[in-house]
Amino acid sequence: MPRVVTAHGDARADTLAAYNGLGGAARARVRNRLARRVLRDVDLVIGVHPDWRVNLPAKPDSFAYVPTIVDAAFFEVVRDPGPGRVLYCGGSRRIKGWDVLEAAWTDVRRAVPGAVLEVAGWPTDASRPTADGVVVHGPLSATELAAAMGRAS
């Protein structure tokens with residue numbers, strides 16, 4: 001059976017961002033060593049960037065580029081978080097936790113006066129939330145959703 005690994009993100013940069021100083025550098029070095037070992041033992045690496053160097057510490061023997069399905073708007077979003085700004089994108093179904101958030105929202109507003117709950121993608125056939133500080137949107141384009149994510153704190 002073929003051994004396939006996917007490569008996405010920059011684990012080295014993420015490691016250095018999560019751990020400061022020598023601890024981060026040491027962890028990043030160990031991560032690179034482990035990744036090189038994995039690369040020796042796999043038949044194929046699939047990457048979401050055409051340049052393997054973006055996600056891998058060494059060139060794999062066999063590499064396939066599969067473009068990401070994530071819209072470019074999400075990579076270009078400008079972060080400008082508003083204090084107390086919450087974004088919810090789960091819809092009205094109970095499994096998404098809307099009932100929990102709705103029940104807690106009064107307490108959130110009490111603890112963070114002026115907090116705003118931006119609800120994105122609310123179904124047109126569901127009753128709209130009416131609590132104070134809740135802004136409801138129907139379906140949003142990728143650009144609109146990315147902008148809402150950039151505003152959330």
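In which sense do β2 and strand β3 pair, and over how many bridges? Keep that in mind while you load the model, which is predicted.

**Stop one: the strands.** Select residues 63–65, strand β3, together with β2. The two pair in the parallel sense, over three bridges. Pick out V45: its bridge partner in β3 is F63. Now add residues 4–7, strand β1. β1 and β2 are also paired in the parallel sense, here over four bridges. Find A7, which stands opposite G47 in β2.

**Stop two: the faces of β2.** Show side chains for residues 44–47. They alternate along the strand. V45 and G47 point to one face and are buried. L44 and I46 point to the other face and are not buried.

**Stop three: the cores.** Select Y88, W98, W105, A115, L117, V119, W122, A126, V134 and V136. These ten residues form the largest nonpolar core. Colour α3 (98–111), β5 (116–119) and β6 (134–136): each gives two or more residues to this core. Then move to a second, separate core of six residues, with L39, V45, W52 and L56 among them. V45 is the β2 residue whose bridge partner is F63.

**Stop four: N32.** Select helix α2, residues 21–41, and find N32 in it. Is N32 buried or exposed? N32 counts as buried because its relative accessibility is 12%, below the 20% cut-off. Show R12 and P57 next: N32 touches both, leaving aside residues up to four places away in sequence.

Note on methods:
Residues numbered from 1 in each chain as written. Predicted model: local features only at pLDDT ≥ 70, side-chain atom pairs only at ≥ 80, totals over all residues. Heavy atoms only, no water. Buried < 20%, exposed > 50% of the residue type's maximum accessible area, 1.4 Å probe, protein only. Pairing = 2+ DSSP bridges. Core = buried A, V, L, I, M, F, W, Y, C linked by side-chain atoms within 4.5 Å. Contact = heavy atoms within 4.5 Å.
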